[in-house]
Every structure is written in structure tokens, then in C-alpha cells.
Amino acid sequence: MRFGVLGPLVATDVRGEVGLKGPRHRAVLARLLIARGRVVPVERLVDDLWERPPEGAVGAVQTFVGALRRALEPERAPREPARLLVTVARGYALRAEAVDAWEFEAAVTAARELIDTHRPDAALSQVDSALALWRGPAYAEFAEEGWARGEISRLTELRLRARELRAEALLALGRAAAAIPDLEAQVREHPLRENGSWLLALALYRSGRQGDALAVLRTARGVLADELGIDPGTALRDLEADILAQASRLEPSVPKPVERPLVGRHAELARLAEAAARSRLVLISGDAGVGKTALTEAFATRLAARGWTTAWGGNPDDEGLPPAWAWTRILATLADAGYGAAPTADQGAVDPVSARWRWHRAVASYLAGAAPLLLVFDDLHWAGEETLALLTSVLAEPGGGPSLIVATYRGTDLPAPLANFLGRAARAEPTRIYLGGLPETEIAALVRATTGEDVDRETARVIHRRTGGNAFFVRELARLLAAEGPAALDAVPPGVRDVVRHRVQALPEAVRDVVRRAAVIGTDVDLDVLEALTGETALDAVESAAQHGFLTETAPHRFRFAHALVRDTLYHDLSRSRRAREHGEIGGALESLRPEDVDALAHHFVLSGKHTDRAAHYARAAAERAERRFASTEAAKLWDAALTAYDRYLRPGDAAGADHGQGPRVGRVRRARPGPAASGRSAGTGGKAGRSAADRPGDRRLRRPRDLDRKRRPGAGLPDRGRRRTDTRRVTRRPGGRTLPSAGDARRRAAERGRATGS
């Protein structure tokens, strides 16, 4: 669900715009969006909605909330808890993740950082995408509401700042003339903003209009004196003095791009260098965050140093941009670089088909005179049909067009327009480069380039396993490691979490549900288990997830998450209650499909928080199996899990121990056979008689122990772990008269053997 507030309030999902009913419903939603996930008490909502609240206002708010829930979560079952618009104490909160105002704010912050790090080209692309999110005044229909005025004022100020950042980026790129029109309009609308006047005067001066620049500064001085009775600030006074003196520091300096460290891509750079000599088109594909843009930037920097003209056309993920947006950016860059006015389409032509053809031919001819030229089309998977159509026409021109075109795109889940383009582009015999994850040997170098810190081989191995070598994931995890220490290696960095959530939101709802359930199964996903839980449609869902880059198919009926961080994000975004329920259902499916996989069964039933009978049974079975493999430390952990589940089962009135009808399984935890003797006996006997009872999950022939029959008596069951050791020396007899230690002794002996063997 995505919400738009930079204009009239809208909510959209995969089916399109959501109907939000009347003005009161919309006001409740807007008020909750302004709260940014915080709880808004129902009394506050009442006060905000009515100047004089009527009788029954609280009930009316509840009605509005109910209607909104039905609109925002139409597939939610009648008594299923809401996930988006939730009730918290005596109030409501909106757990929204995609809001255009929040995206705009993040983009403006990123643009500021890019300018500060001398990357004005990327900053311009970022701020243009941010400004394109606006569809009108923020919270347009609530402009007169007191509760909305503060947020409206804040967003309006942020928009003005974004327009100024755009001017700064254009000035840094040497495109002063392009910045003037927007700055003139802004100064007219907001004459008291000194920064706007400063930018306009500088842009005019760099465009050869010194007199106009001084006139802007004089006007600003007069407005400040008349309106506020003050003189201009230091920045305006210094700029006026510099213009009068024609100071050399006012001249634009050629931006010195800061080259991002490129690690582990020397072979790909060499292939790009070869392509510059013999190809017209290079196609770079790979997963999101793998480093396609960084590779292209490094290559473009090398060509620029050799005298090439480079023009960059990004394709932002925004459907509100004009057609052929990437071409608009490229042609404007070339015009500002001195190649003359770029051809424009004839918007009023009687025959639009012919006009479009003539424009495509004109663009190809215009580019042919700009060699040596590199055109970059970044994120081509988001390109519109007109961008791809013009690109196809340019490539089809024999001997014409630019010297080299480099296009980057995600190789998973290709949209139809891009697939059609790639089919046609095959005639140009492009150089194709697929970027996979970085090898483990390059991880330490990338961590050092990101944080300046060295990591040992084992840490690099863990980072590689967690990230799959994805460069973005590695950098984010490296920053978290530098900030929080080794414990961060088990966490998911916020930047990665945000990217994963954004990508998951783009999946069809049915696929999202299956992928989230797969995350509970684990990093490795068994299709048979998924089908047992969701039906035969699971295969379609996991294939779709694989096409989107979330899963990879390792074998028939076997899938694996492409990155452990992706799986961890999906898993931890589920509530604890939902995770526990999923673990229980997965355990039930595994019990039918893989009854011998006691390790997985113990894992899922223990984490379910219920099914304590089966949790104790399978944890004991897994502990015995661990002992036979001489993994004593792991065995001790499993014995502890078995005893904890056993204690919960024996606890009267505990809802988690609801499986009382399965008592014999729990009783077998008390009759566990620890120690090397048990391990040797099991390992040395080949028939069924040699297997422990726990290795036969369906065996119910053992009698119910007296401990469970007396479980409701005081002190029944396992003794409290805080009692003296003499109280815990319970014994159990097995058929044949052999006296065995208790399960508590088994755990202690396993730990002792672990210390003795060093396992």
C-alpha cells in the first residue's frame, strides 16, 4: 500500500487507487499519516475532526477507522487483526511504509549529501526525481486544518530547499543558464529568501549577465529593508562585492568527481575498455545493489579523462515522469556542453507517427556529430516505452549515433518493454556483462574501502555468506559492523532492510505471502513443505520470487534465498505470534513429509511456543543424534530445549502445553540415554532395535510414565532447577532393568564431554 500526500490524499495498491469514502475518513487517514507511525489517541482525533464534537463522536471515529480498514486491507478476514491501521491502547496508529512525502524527504537529504561530496550529476538526478513526486500542494484538502498546518509548512519549506539544491547542482555542473528560469520564479514567489537571490545572482553572472545579477542583489536589499528593516546577510554582501570586482572565485570550477572505490571488477572494466573500441552497445545486468552503476561510473570517469563526452540518463522508479525522460536529460547535457540546441519533437503535428519518426532521425543525426561520446542509460528496467523506442531507433541508424551506449538493468523479472528492446538490440551484437556477487577474497578489500577498517578472514567469510557478495549489502553490513561491533554480523542493516521491504512490496500479494512463509522455513526452502502449507500454487509463487531475484533454484523442488539478509528481513518483519504459528504449521507439515528430519522438526516445534509434547520429543531425538556425531555442545543446547518444553508441558493451565494427548512422547525425554555408551550402542546396531525411541517419531508403544500421570500434583514432573543437586538425581528404568540417569544428568554429561573433547 502506497500513500500520496504531496497533492490530494491518495492510497494505491496493486489494483490501483483505493476508495477512501468521505472527508472525515480521509481526514482520519491524513492525521495518522502526519503522526508517522505514532499512536494518536482517539480523543485527539475527535478534537481534530470537530470544532464542537457531537455526542457519539468516539463511536463515529471508530466507524471511520473500520471503513478505512476495509478499504486498505480488503482481503483481511473478519476477525483477523489489522496489520496496517492498528489499535494501540486508546488510540490508532498507521503502520505505513511507502509515503511519497517520506520518500521526498529522504531524496532531498541524499541530494544534499551528494552535492557535499562533489557529485552534482547524481544529486541533480536525485532531486529531479524528488520534485517529480509533487502533484500539488501538500495535504491540499486539509490546508485549513490546524493539525495539518505544521506538516504542510514543513514540506513546503523542504520543497523550496529542493529547488535551491537543484540550482546548486546545475551551477556545479556548469549549467548556469538552465538554473535561471526556476530561480527567477522562486525569487518572485519568495523574495525574502536570501539564498534564492544569491543563487540567481550567481547564475546570471556566470551566464554573462553581470548587470542583471547586480539588479537582483539591489532588489533583494530593498525588499529586506522595506519589509523587515534589515540589511542583507553576509553572503549577499560578499557576492555583490565579488561581482563588482569580477573575482576569479566566481568562475565555475570543473567538478572533480569523487570516484567510488571499485573493488573486484577489474575483469569487467577490461571488457568495457575493449567494447569502447569495437561495440556500439554494452548491456550490464545483475541484481539490485550488485554494483552496476558503480562499474559504469568508474568506466565513464576513465573515458572522460581520455577526452570523451559523457551524458547520463537515469530512469527513476516513478510513473509520473514525462515520456523519454532519460533522453531529455541526455540532450540537455549535450546542449549545455556546447553541441548546440537539441532537436525537439513537434507536439502539434497533424500526423504524430511521422513527426515521431522525424524526431528520432533528428536525434540520431545530432548524436552522430558529438563523437567520441558515451551515453549511459541507468536502470533501464524502469525506462518508459518512448525512451526504449528512441534508443532502438538510434541503434538502428547505420554508422550513426553515439560512439558507445552503456545500459544497466536488473536481470530478474524483465518488464515486457525491456524484453522487447533486448530482442531488437540483439541485431547490434552488444557486449553483454553480467555482474554476480563479489568473491569471498574481495570482501575484506571492500570493507576496508567502505570503513577504513581491516577484517580478518573469518569475518570476511561471514559477511560473504550473509550478503552473497552483493556490494551494497556488504557496504551496509560493514558500516554496521564498524558502528556496533561483531554483534552486528547477525543483524540486518537499516539500509538493506528498507531496500528489501521496497522490493517485497512490489511483489503480487500471493507471492509476498509465500515468500514470507518460506523465510520461516529457513534459508533453504523445500518446495514440498511449501506446497503442503499453501497448495500447488506455491510453485508459481516461488518461480515468480526467483524471477524477482529473491530465490535461486538449487535443485528440483529445492530453492534458496539469494541473500541471507533478505531472508532475515522477511522473517523479522513478521510478528512473533505469526512466526510462532508458522513454525508450528511447518513442523506439522514436516512431520508428515520428513519424519526422520528430527533436527528441523525440533527447530520448528521449539520455536512454535506450542506443541510442547512434540518440541520435547524431537529436541531429545536431535540431542541424541548430536551426541552420536560427537557434537556435545549442540547436544547440550538441545537437551536444554527439550527440558524447557517438558517443563512447559507439565505446567498446569499452560496454553502452550495443549497437546496433552501426546504424553508418551514427552515422557521419553525423562528416559533419555546419555553418554558414550548410548552413542556407541546406537551407532553399532544396524536394525530397528538399535535405534533410540526418539528416532522413531511415530512409536507410541512406550507406556505413559508415572511422572506425567502425576503432573498436576505439587512437585510433579522435573524438579525445579534451583533445587539442590541431590533433589535432581531422579532415575528411570528401561526395559531390561538398566538404571539410567535423568535428562538433567544427560545434559550435564553432554556438556562435560564437550569440554573434554573441545567440541
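**Cavities, salt bridges and local geometry in a predicted model**

The largest cavity is lined by P261, L262, V263, R265, V290, G291, A294, L438, L446, A471 and R475. The structure analysed here is a predicted model, and the values reported below were computed from it. The volume of this largest cavity is about 80 Å³, and the structure as a whole holds two cavities of 30 Å³ or more. Sorted by class, the residues that line the largest cavity comprise eight that are nonpolar, one that is polar and two that are charged. The polar member of the lining is G291, because glycine is counted among the polar residues in the classification used, while the charged members are R265 and R475, because arginine is counted as charged. As general background, rolling a probe the size of a water molecule over the atoms shows where empty space is left.

On the surface, a nonpolar patch is formed by L192, L228 and I230, which together contribute about 250 Å² of accessible area. Of these residues, L228 belongs to helix 9, which spans residues 210-228. The relative accessible area of L228 is 48%, so this residue is classed as partly exposed, and the value lies over the 30% that membership of a patch requires.

Electrostatic pairing was examined next. Side chains of opposite charge can pair when their charged atoms come close. A search of the whole structure finds 41 salt bridges. One of the pairs joins D48 to R31, with 2.7 Å between the closest N and O atoms. Because D48 is located in helix 2 (residues 42-49) and R31 in helix 1, this pair ties together parts that are 17 residues apart in sequence. Both partners, D48 and R31, are buried. A further salt bridge is formed by D568 and R567, whose closest N and O atoms are 3.4 Å apart, and both D568 and R567 are likewise buried. Salt bridges with shared partners also connect R112, D116, E157, R161, E164, E168 and R193 into one network.

The pair formed by R448 and D454 has its closest N and O atoms 2.5 Å apart. In this salt bridge, R448 is partly exposed, because its relative accessible area is 42%, whereas D454 counts as exposed, because its relative accessibility is 58%.

Backbone geometry was considered at two residues with positive phi. R36, although not a glycine, has a positive phi of about 55°, and this residue is placed in the loop between helix 1 (23-34) and strand 4 (40-41). With a relative accessible area of 37%, R36 is partly exposed. A89, also a residue other than glycine, has a positive phi near 55°. The position of A89 is in the loop between strand 5 (85-88) and strand 6 (91-94), and at 77% relative accessibility A89 counts as exposed.

Contacts between residues separated along the chain were described for three pairs. L165, which is placed in helix 6 (residues 146-172), counts as buried because its relative accessibility is 2%. The C-alpha atom of L165 is 7.4 Å from that of V127, and the two residues are 38 residues apart along the chain. F299 is placed in helix 12 (residues 292-305), and at 3% relative accessibility F299 counts as buried. F299 and V406 are separated by 107 residues in sequence and by 9.9 Å in space, C-alpha to C-alpha. The third pair involves R2, which is placed in strand 1 (residues 2-4). At 32% relative accessibility, R2 counts as partly exposed, and the C-alpha atoms of R2 and A98 are 4.8 Å apart in space although the two residues are 96 residues apart in sequence.

Technical notes
Residues numbered from 1 in each chain as written. Predicted model: local features only at pLDDT ≥ 70, side-chain atom pairs only at ≥ 80, totals over all residues. Heavy atoms only, no water. 1 Å grid on protein atoms, 1.4 Å probe; cavity = no way out; pocket = protein on both sides within 12 Å on 5 of 7 lines; lining within 4 Å. Points joined across faces, edges and corners; volume = space filled by probe spheres on them. Patch = residues over 30% accessible without salt bridge, like charges linked within 9 Å, V, L, I, M, F, W, Y side chains within 5 Å. Areas by Shrake-Rupley, 256 points an atom, 1.4 Å probe, with all protein chains shown as cover. Salt bridge = Lys/Arg side-chain N within 4 Å of Asp/Glu carboxyl O. Helix = DSSP H or I, 4+ residues; strand = E, 2+ residues; numbered from the N terminus. Buried < 20%, exposed > 50% of the residue type's maximum accessible area, 1.4 Å probe, protein only.
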